[in-house]
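User: Please take a close look at one part of this protein, the first domain and the side it turns to its neighbour. I should like a connected account of the strands, the contacts and the backbone details there.

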Amino acid sequence: MPLLNSWIEGANAPGCPFPLNNLPCGVFSVGDGDLRCGIAIGDRILDATGLEAAGVLRADPDADVLDAPFWNDFMELGPRVWASYRAALTEMLAEGVDDAVQDTLTTYSVPMAEATLHIPFKVSEYTDFYAGKHHAMNVGTMFRGAANALPPNWLSIPIGYNGRASSVVVSGTPVRRPWGQLKGPNDDLPRFAPCARFDLELEMGAVVGQPSSGPVSVEEAEAMIFGYVLLNDWSARDIQAWEYQPLGPFQGKATATTISPWIVTTAALEPFRAPTPPRERDLLRYLEEKRPGLFDIDLSVTLAPEGKAASTIARTNFREMYYSAAQQLAHHTSSGCAMNVGDLIGSGTISGPDKPERGSLLELSWGGKEPITLDTGEHRSFLEDGDTLALHGAATGDGYTIGFGPCAGTIQPALEDPYAR
Ligand code: CA
């Protein structure tokens, strides 16, 4: 599919992350104004809440589903409404539409530069997976040795853990270095201390837009996914290493999970579908992929020390995952576990096969043994206070780019001992 031209000129600029082909969903405010649902187009945000109230563009003739600071009520209406809303919006924003339509939509839009972006949906629950094979091999080799790197179940099960919806924050939210219980290799006993091995995990998050009440197939799961965001699963490696056996990560992953502010819809990503890699062990039937479930999305990570320029520290692609979000979601429901509108599914860390493609500092610095060198000449094994870490994502089509907006956070120093009295 080529670039769809819009009468909003900025949307047609080469490299613009928000062309007419994208139309991602976010929540914004201007000044002291209230939070409103918006659609990114070029360098502007369309006020979807205002367009609904004015009767210009409605998802539901009887209910104001966008009269809220989140897209959940809209998502609940389901794939047919998602498609008809997108089609109507595409028509109104396309080059050549009546001047009257252009005037109305201009009235209901604001420059993106003047807006503050908020979390785009109410996160009902958050589950994070461990579904990148290169990441699992790297981490497993460091923790258990190369012979036992992949757990015996890994090639059969998309492994996950139940995270905390309360940890999810939008890009730009500062991230405080956590305290926690940890036991370093030179410690005889565990101690309570600020995390010294604070890390990122480059992931994509799938946003569940439809509920389920029993086991669903991979195809049904596919139809439940409204869209995707970039996701950074901030990880306290020293806390995680001490706590993770036998029930998996807990406090090491609970400090914060940053997501990008725009939900890029599955509809916008359709031209970029890509299959999961060849199976190394046959999957059980309920996990088999009938159509490509991944997407060709270039991903990168930048790190900027306080007051300094950013360096790119990793580049990879969403295609590197071993399991798709639809497979993860199908597995998640296989026990009968109900899913809700607003569930967030973390892909797991995305790493490619080569060293510069690793999606965490744990892997890039090989557990701290091989610090990386930034463009500024500084070295990093793990994140330092004042570092700004950002994830970037782009799917490149025929003359256009589908972007996600920023997914960034700056590390704040640990507090004084929170339990000192
Ligand atoms: Ca993770």
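Analyst: The account below begins with the domains, moves to the strands, and then returns to the contact between the domains.

The model is a predicted one. Its domain assignment gives two parts, domain 1 covering residues 9–118 and domain 2 covering residues 126–412. Taken over C-alpha atoms, the centres of domain 1 and domain 2 are separated by 29 Å. To the contact, domain 1 brings 27 residues and domain 2 brings 24 residues.

Within domain 1, a convenient starting point is the pairing of its strands. Strand 2 (residues 36–41) and strand 3 (residues 44–47) run antiparallel and are joined by four bridges. These two strands form a hairpin with two residues between them. At the start of strand 3, R44 is the bridge partner of I41. In the turn, G42 has a positive phi of about 60°. As a rule, most residues other than glycine have a negative phi.

The hairpin also carries a charged pair. R36 forms a salt bridge with D47, and the closest N and O atoms are 2.9 Å apart. R36 belongs to strand 2 and D47 to strand 3, so that the pair links parts of the chain that are 11 residues apart. Over the model as a whole, the count comes to 19 salt bridges.

Strand 3 has a further partner. Three bridges join strand 3 to strand 4 (residues 109–111), and this pair likewise runs antiparallel. Here L46 of the hairpin stands opposite S109 in strand 4. Strand 3 is thus paired with strand 2 and with strand 4.

The side of domain 1 that touches domain 2 draws on several elements. The area buried between the two domains is about 1900 Å², and carbon and sulfur atoms give 70% of this area. Strand 1 (25–30), strand 2, helix 2 (72–76), helix 3 (79–93) and strand 5 (115–118) each supply at least two residues of this side. Helix 2 gives the most, with four residues. By class, this side of domain 1 has 17 nonpolar, eight polar and two charged residues.

The polar part of the interface can be stated in the same terms. Between domain 1 and domain 2 the count of salt bridges is zero. Five residue pairs in polar contact are found across the interface, with both residues at pLDDT 80 or more.

One residue that merits individual attention is H118, which lies in strand 5. The side chain of H118 makes a polar contact with the side chain of S29, at 2.7 Å. Leaving aside residues up to four places away in sequence, H118 touches V27, F28, S29, L35, V170 and P261. By the domain bounds, V27, F28, S29 and L35 fall in domain 1, whereas V170 and P261 fall in domain 2.

Two backbone details complete the account. L23, in the segment before strand 1, has a phi near 55°, a positive value in a residue other than glycine. In domain 2, the peptide bond from Q245 to P246 is cis, with omega near 5°. P246 is found in the loop between helix 7 (237–243) and strand 16 (257–259). For comparison, most peptide bonds are trans.

Methods: Residues numbered from 1 in each chain as written. Heavy atoms only, no water. Pairing = 2+ DSSP bridges. Domains from an automatic or database assignment. Contact = heavy atoms within 4.5 Å. Buried area = accessible area lost by both parts, 1.4 Å probe. Salt bridge = Lys/Arg side-chain N within 4 Å of Asp/Glu carboxyl O. Polar contact = N/O pair within 3.5 Å; in protein donor to acceptor, adjacent residues only side chain to side chain. Nonpolar A, V, L, I, M, F, W, Y, C, P; charged D, E, K, R; others polar.
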